[in-house]
Amino acid sequence: MKMSGGVEWALHCCVVLTASDTPVPAAKLAELHDVSSSYLAKQLQSLARAGLIHSVQGKSGGYVLTRAPESVTLLDVVRAVDGPGPSFVCTEIRQRGPFATPADACTTPCPVARAMWAAEDAWRQALAAVTIADLARDVDSNSGPEALAGIQTWLTSGAG
C-alpha cells in the first residue's frame, strides 16, 4: 500500500510530542526534522482536524497530543493525513472490452478485487495494532533511553 510522505512526518511528530510535557511549536518540530515549516504545517493541520493533536495559542503555544499515546494508532495517523477512503477502488474492468462480462453476471467481486481488499484489510489491521506509544518505546530501545529525553531537553531549551 502506498502512503503519502506526509504520513511519515506526522508519525515522527506524534512520537516527538510524547517527549514533551508542554506544547511544541510547529517551527521547533520543523527544525528538528529539517523540513519546511509550510510542508509540516499541512501535516499538523491534518492531525488537528482529526482530533489527534491540539494547537495551543499564545507565547508558549504549540502542539500537544489530545489523547494518550497508547490510544493513538498508526491507522489513526494514516487516516488523518491520507484520508479514510480505501486504497483500492474496484472499477469493474471485467465489464469492459470485447470480452466484457455482463453486469448482471457480476454478482460477486472479481478475484482481483477480493485479493486487494483482503490485503488492504490486513494492512489496516497491522496499522491499528501499533500505537504512538509503541513507536516511542521502540525509539528508546533502538536509539537508547536518552534519545527522546535529549529531544525533550532540546525542545524546551532556547536553542533553535
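A residue counts as buried when under 20% of its relative accessible area is left open. Keep that in mind as you look around this predicted model.

**Stop 1: the whole chain.** Select the entire protein chain and colour it by burial: buried residues make up 33% of its 160 residues. The chain exposes about 9200 Å², and carbon and sulfur atoms supply 58% of that area. Now turn the C-alpha trace around; along its principal axes it spans about 70 × 30 × 25 Å.

**Stop 2: the elements.** Switch to a cartoon view and you will find 7 helices and 2 strands. Walking from the N terminus, the order is α-α-α-β-β-α-α-α-α. The radius of gyration is 20 Å, well over the 15 Å that the globule rule gives for 160 residues, so the chain is more spread out than a compact globule. If you show contacts between residues at least 6 apart in sequence, 70% of them join residues at least 24 apart.

**Stop 3: helix H5.** Next, select residues 111-128, the 18 residues of H5. At 1.5 Å a residue this helix should span 26 Å, and its end C-alpha atoms are indeed 26 Å apart, which agrees.

Which residues of H5 are buried? Show the side chains of Ala 113, Glu 120, Trp 123, Arg 124 and Leu 127 to see them. Look down the helix axis: these buried residues fall within an arc of 95 degrees, so they line one face of H5.

**Stop 4: around H5.** Add helix H4 (74-82) to your selection, since the cover over the buried residues of H5 includes it. Finally, rotate to the face of H5 turned away from its buried side, where the exposed residues Pro 111 and Gln 125 sit.

How values were computed
Residues numbered from 1 in each chain as written. Predicted model: local features only at pLDDT ≥ 70, side-chain atom pairs only at ≥ 80, totals over all residues. Heavy atoms only, no water. Helix = DSSP H or I, 4+ residues; strand = E, 2+ residues; numbered from the N terminus. Expected span 1.5 Å × (residues − 1). Buried < 20%, exposed > 50% of the residue type's maximum accessible area, 1.4 Å probe, protein only. Arc of directions from axis to C-beta. Contact = heavy atoms within 4.5 Å. Rg over C-alpha atoms; globule rule 2.2 N^0.38 Å. Areas by Shrake-Rupley, 256 points an atom, 1.4 Å probe, with all protein chains shown as cover.
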